[in-house]
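Reader: I would like to learn how to read the helices and strands of a model. Please take them one at a time.

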Amino acid sequence: MLMLLYRIYQILIMCPVVVVATIITAVITAAGSALGLGLWCGYYPEIYWARLFCWLNFVTVSVKGTENIDSKTSYVFVANHQGAFDIFSLFGWLGHNFRWMMKQSLRKIPFVGWACKASGQIFVDNSSIAATRHTMQDAEKQLSGGMSLAVFPEGARTWDGKMRRFKKGAFRLAVEFSLPVVPVTIDGAFHVMPRFKKLPRPGHIVLTIHKPINPAADGHDIERLMDESYKAISSAL
């Protein structure tokens, strides 16, 4: 009975509020970015949007390891991908300005794709060598002055809660631009809303921010970065 009432609440109250909040956030982000306020509008409105999304679904988030990062340093954040609430957890509680590296298909989401493009989120295009080079150039423009990049190196959400193999893209960027990699463990998001569910359930998510891993000076250690990041993320699950 309690779960039935919760579902009714989600459909009649939570969903409409979230849709309206998403549209308002997208408009603020896009308009502010057009006025030259992209650095602020591409991150801070989304913090409140993400937290509202969690609060409305009775999802709490706690963070460990904030002392491991500096707001004035640019990083490549790499996190495991348990479910849809990974995005809200990182936006709402990471505590560091960043841009996403995301799939091209997300451009098609109404309002969201428009706002992401306006605010300088990085869409990955590996359709050709020229397109990949363009993606790298977009990333280089963003990664300075404390602006960081957040990536899910698994590429997609897990189906069973277990981590998938990492792809090299994020680590190649870290080596290319000599940026430290910061592994972030997201634990609990699979329980809240796994890939095969359409509505979330209440729960608690823990973000663990691990110590930065610096690429070697010679730039030939992508495999090491991937391996150490995978082990760090796994250690807090």
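Author: The turns below go through two helices and then a strand of this predicted model.

Reader: How does the span of α1 compare with what its 33 residues should give?

Author: The expected span follows from a rise of 1.5 Å a residue. For α1 that gives 48 Å, and its end C-alpha atoms lie 45 Å apart, which agrees. The helix also bends by about 40° at Q10.

Reader: Which residues of α1 are buried, and what covers them?

Author: Buried means under 20% relative accessible area. In α1 the buried residues include Y6, Q10, M14 and V18, so Q10 is both a buried residue and the site of the bend. The cover over the buried residues of α1 includes α2, α3 and α5. After α1 comes G36, with a positive phi near 90°.

Reader: What span does α3 reach, and what is expected?

Author: Helix α3 covers residues 44–56 and reaches 19 Å from first to last C-alpha, close to the expected 18 Å. Among its buried residues are W49, F53 and L56. The buried residues of α3 pack against α1, α2, β1 and α4. F58, which follows α3, has a positive phi near 55°.

Reader: Are the faces of strand β2 covered or uncovered, and which strands does β2 pair with?

Author: Both faces are covered: V76 and V78 are buried on one side, F77 and A79 on the other. β2 pairs with β5 in the parallel sense over three bridges, and V78 stands opposite V151 there. Four bridges join β2 to β6, also parallel, where A79 has V184 as its bridge partner.

Key:
Residues are numbered from 1 along each chain as its sequence is written. This is a predicted model: local features need pLDDT of at least 70, side-chain atom pairs count only at pLDDT 80 or more; totals for chains, interfaces and linings use all residues. Side-chain values use heavy atoms; hydrogens and water are left out. Helices (H or I, at least four residues) and strands (E, at least two) are DSSP runs, numbered from the N terminus. The expected span of a helix is 1.5 Å times one less than its number of residues. Buried means under 20% relative accessible area, exposed over 50%, partly exposed in between (1.4 Å probe, protein chains only). Contact means heavy atoms within 4.5 Å. Two strands pair if DSSP finds at least two bridges between them. The bend at a residue is the angle between axes fitted to the seven residues ending there and the seven starting there.
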